[in-house]
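Student: Got a minute to go through this one with me? I'd like to start with the sheet and then look at a lysine.

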Amino acid sequence: MHIKRAKEEIRNTIRAYLMKDEFGQYVIPAVRQRPVLLIGPPGIGKTAIMEQVARECGIGLVSYTITHHTRQSAVGLPFIEHKTWQEREYTVTEYTMSEIIASVYNRMEQTRLSEGILFIDEINCVSETLAPAMLQFLQCKTFGNHAVPEGWIIVAAGNPPEYNKSVREFDVVTLDRVKKIEVEPDFGVWKEYAYRQEVHPAVISYISTRIAHFYQMETTVDGMFFATPRGWEDLSRLMGVYEKLGKTVDREVVLQYIQYPKIAKDFANYLELYYKYQADYQIDQLMEGKIEEILLMRIRHASFDEKLSVVSLILARILEEFRETYKKEACITMLLEVLKQVKVRMNDEKSVASLLEELLEETQKTYEYKVKAKILNKEEGNALRNTISELERYQKVLKLEGIVDNNTAFERVRGLFAEENMSYQNQVDAAGKKLEYGFDFMEIAFGNTQEMISFITELNTNFYSVQFLQNYECERYYQYNKNLLF
């Protein structure tokens, strides 16, 4: 199955395992809660989905790559304990608590989350001395003498033998005690994720036209050549920073992440053309509604790949506006809830300034707790940080203007919020204009062709565009989308 379905299956498994009956007992007892075993090629996102699942379920996460551990750190260190049986004293070997089990208890103390996921990566690549401990862990949910706390679900991940020479095959006894999920790379699923993670549009458009290059593994006489989703995402991050630094991402730089020379060369060539098209087709001017006839003549005689690259550049600008609109909306929504709290709590004993201080501290604590517990996603993190910044600004304004009367202070704060809301409305208008200008160019340059289908399809699959178009009336979008559905 693909990684999105695997994530859904893990989430459903966790909810099933953590369901309790009317007496507070787990419906599926811990002894019957099979560890989940994810098997799939490296670099397709097995670790990433565990972080997402933990956040979405609101539970803790402790993650370990077991190949980094020795038997002593995993099982614990031996020590001599004295025990008496039948009036005779014996010396017995006991073990200190495993570092991994101790980390689970530490996470519970730090986050106050009594339930969570213990994720063990590369579980089938352990050393000879650690292998029996791993089998015991999967079968009995213990490391040494210490069991995984109740309410903590075990998820392990490993690679198939063809990708790693160190892989150990599990026997039937072990496999019959786990819930095995086999995962395969799927570009369509990764593309949804890539948009949410703001992967560079050049990477997305390149792979969209060369899907075979999304994931490649090949063993040659010169070694292993590979391209993975992890490599593409990490390269994308570097590209974004290099653009800000004015640095060039050439073939040698690409090869550091996409370790498949043929693919690295092809992408480097594509990227060079991508930047060239950005200048040649004056994308900044197109997004302001300025379309020159010479550009239309050029695009009509361009190759299909060139046309798709231009469509990708236009989409990138539009989607960037949609993303900013989404961020502002999340902050506005959060600020509105804060103002409602201020109004509800207002009385003669508490000033608006003190209430803002209280709510600011509550918001900061929420942010810090979620960061510490690792249950904060990117969008919520942005909203919380922006809300904190705005509340601090409200406080400064009240202090600088010396406003002490409650009603006057509240009206001033409400006015500041209205300014922020107006900024949001302006952002919505700007995003809408970009969309309309994009349609202007698409209609004049291509009409109702394959390029327009590609344009509409991308709008339908991108998270931020879907959110925007739910509330924004764009007649041409609905018209072309209806044609596409037909």
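Tutor: Sure, we'll take the sheet and its helices, then the lysine; keep in mind that this is a predicted model.

Student: Cool. What's the strand order in the open sheet of 5 strands?

Tutor: The order is β2-β5-β8-β1-β9, and the pairing is parallel.

Student: And which strands stand at the edges?

Tutor: Those are β2 (60-65) and β9 (179-182). Each has a single partner strand, so one side of each has no neighbour in the sheet. On average, neighbouring strands are turned by 20 degrees against each other, ignoring direction.

Student: How many bridges are there between β1 and β9?

Tutor: Strand β1, residues 36-39, pairs with β9 over 4 bridges, in the parallel sense. Within that pairing, Val36 has Lys179 in β9 as its bridge partner.

Student: Which helices pack on the sheet?

Tutor: Helix α2 (residues 46-57) is one of them, touching β1, β2, β5 and β8, and its direction makes about 175 degrees with that of β5. Helix α4 (residues 99-111) also packs there, touching β2, β5 and β8, with about 155 degrees between its direction and that of β2.

Student: OK, switching topic: where does Lys307 lie?

Tutor: Lys307 is in helix α14, which covers residues 304-345.

Student: Is Lys307 buried or exposed?

Tutor: Lys307 is buried, yet has no salt bridge.

Student: Hm, what's the nearest side chain of opposite charge?

Tutor: That's Glu451, 4.3 Å away, and a salt bridge would need to be within 4 Å.

Student: What does Lys307 touch?

Tutor: Leaving out residues up to four places away in sequence, Lys307 touches Ile299, Arg300, Ala302, Phe446 and Glu451.

Note on methods: Residues numbered from 1 in each chain as written. Predicted model: local features only at pLDDT ≥ 70, side-chain atom pairs only at ≥ 80, totals over all residues. Heavy atoms only, no water. Helix = DSSP H or I, 4+ residues; strand = E, 2+ residues; numbered from the N terminus. Buried < 20%, exposed > 50% of the residue type's maximum accessible area, 1.4 Å probe, protein only. Lys, Arg positive; Asp, Glu negative; His and termini not counted. Contact = heavy atoms within 4.5 Å. Pairing = 2+ DSSP bridges. Axes fitted to C-alpha atoms, helices over the stretch in contact; angles between N-to-C directions.
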